[in-house]
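Q: I would like a close look at a single part of this model, taken slowly and with the surroundings included. Please treat the packing of one pair of elements as the centre of the account.

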Amino acid sequence: VDLQRQMPKLDDANRESKALAATAARTSELAERVSRKVKILDLAKNRVHDAMGRADDVLDLRSCVEGVQTAMEREDYEQAAAHIHRYLALDENVLKETAIDAAEGSGIGGAFALLRDAEKRLKSIVVEKFDQAVRDDDGASIERFFKIFPLLN
C-alpha cells in the first residue's frame with residue numbers, strides 16, 4: 001500500500017532522470033562539436049603563425065641582400081658580417097618551398113646565391129685584412145677583424 005502511494009513520485013523521478021540524461025547527452029554532444037571547432041581554429045591559427053614567420057623570413061632575406069650589398073660597398077665589414085650571420089640562420093629549404101608556393105622561386109634562389117657569394121667574398125676579405133693586420137702588428141685592426149670571424153662561422 002505504501003509503495004502504491006509512492007508510485008507517482010517514482011514515475012516523476014523517472015521522467016526527471018530521463019530528461020536530465022537527455023540534457024546531459026545534448027550538452028556532451030555540444031561540447032564535442034565545440035571541441036572539434038576549437039581544434040580546427042587552433043590548426044588554422046598555427047598555420048597563420050607559420051605563414052607569418054615565413055613571410056618575416058622572406059623579408060629578412062631581402063633585407064640581408066640589400067644590407068650586405070650596401071655594407072660591402074662601404075667596406076663596413078662588421079655590418080656585412082651581421083647580415084651574413086642573419087642569413088645563415090634562415091632555413092633555405094623552407095624559404096624556397098614558401099617561394100615556390102608564392103611563385104617567387106627564382107627570386108629566393110637568386111637571393112641565396114648572392115648571399116653565398118657575398119659570404120665567400122667577405123670571408124676572403126676578412127682573412128686577408130686580418131692577416132695584413134697581424135703582419136703590420138696593428139692591434140686595433142686585429143681585434144676588429146677577429147670579432148668578425150664568429151659571425152661568419
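How are helix 1 and helix 2 oriented to each other: roughly parallel or roughly antiparallel?

A: In this predicted model, the axes of helix 1 and helix 2 come within 8 Å and cross at roughly 160°. Because angles over 145 degrees count as roughly antiparallel, helix 1 and helix 2 are roughly antiparallel to each other. The crossing in which helix 1 passes helix 2 is left-handed. On the helix 1 side, the contact is made by D60, S63, C64, G67, V68, A71 and M72, and on the helix 2 side by Y77, Q79, A80, H83, I84, R86 and Y87. By residue class, this contact of helix 1 with helix 2 divides into eight nonpolar, four polar and two charged residues.

The loop between the two helices deserves its own remark. Helix 1 spans 2-73 and helix 2 spans 77-88, with E75 placed in the loop between them. The phi of E75 is near 60°, a positive value in a residue other than glycine, and this can be set against a general tendency. Most residues other than glycine have a negative phi. E75 counts as partly exposed because its relative accessibility is 48%. A second case of positive phi is D137, with a value near 55°, and D137 lies in the loop between helix 4 (105-136) and helix 5 (139-146). At 66% relative accessibility, D137 counts as exposed.

The pair of helices also takes part in the largest nonpolar core, which has 25 residues, and among these L61, I84, L115 and L122 touch the most other members. Helix 1, helix 2 and helix 4 are the elements that give two or more residues to this core, and helix 4 gives the most, with eight residues. As general background, nonpolar side chains tend to be buried together in soluble globular proteins.

L122 shows how this core connects with the contact described above. Leaving aside its neighbours within four places in sequence, L122 is in contact with M72, Y77, A80, A81, I84 and L152; of these, M72, Y77, A80 and I84 also belong to the contact of helix 1 with helix 2. R121 lies in helix 4 and counts as partly exposed because its relative accessibility is 40%. Between R121 and M72 there are 9.4 Å in space, C-alpha to C-alpha, although the two are 49 residues apart in sequence.

Notes. Residues are numbered from 1 along each chain as its sequence is written. This is a predicted model: local features need pLDDT of at least 70, side-chain atom pairs count only at pLDDT 80 or more; totals for chains, interfaces and linings use all residues. Side-chain values use heavy atoms; hydrogens and water are left out. Helices (H or I, at least four residues) and strands (E, at least two) are DSSP runs, numbered from the N terminus. Buried means under 20% relative accessible area, exposed over 50%, partly exposed in between (1.4 Å probe, protein chains only). A nonpolar core is a set of buried Ala, Val, Leu, Ile, Met, Phe, Trp, Tyr and Cys residues joined through side-chain atoms within 4.5 Å. Contact means heavy atoms within 4.5 Å. Axes are lines fitted to C-alpha atoms, for helices over the stretch in contact, and angles run from 0 to 180 degrees between N-to-C directions. Angles under 35 degrees count as roughly parallel, over 145 as roughly antiparallel, 65 to 115 as roughly perpendicular and the rest as oblique. A crossing is left-handed if the near helix is turned anticlockwise from the far one by less than a right angle, and right-handed if clockwise. Ala, Val, Leu, Ile, Met, Phe, Trp, Tyr, Cys and Pro count as nonpolar, Asp, Glu, Lys and Arg as charged, and the others, Gly among them, as polar.
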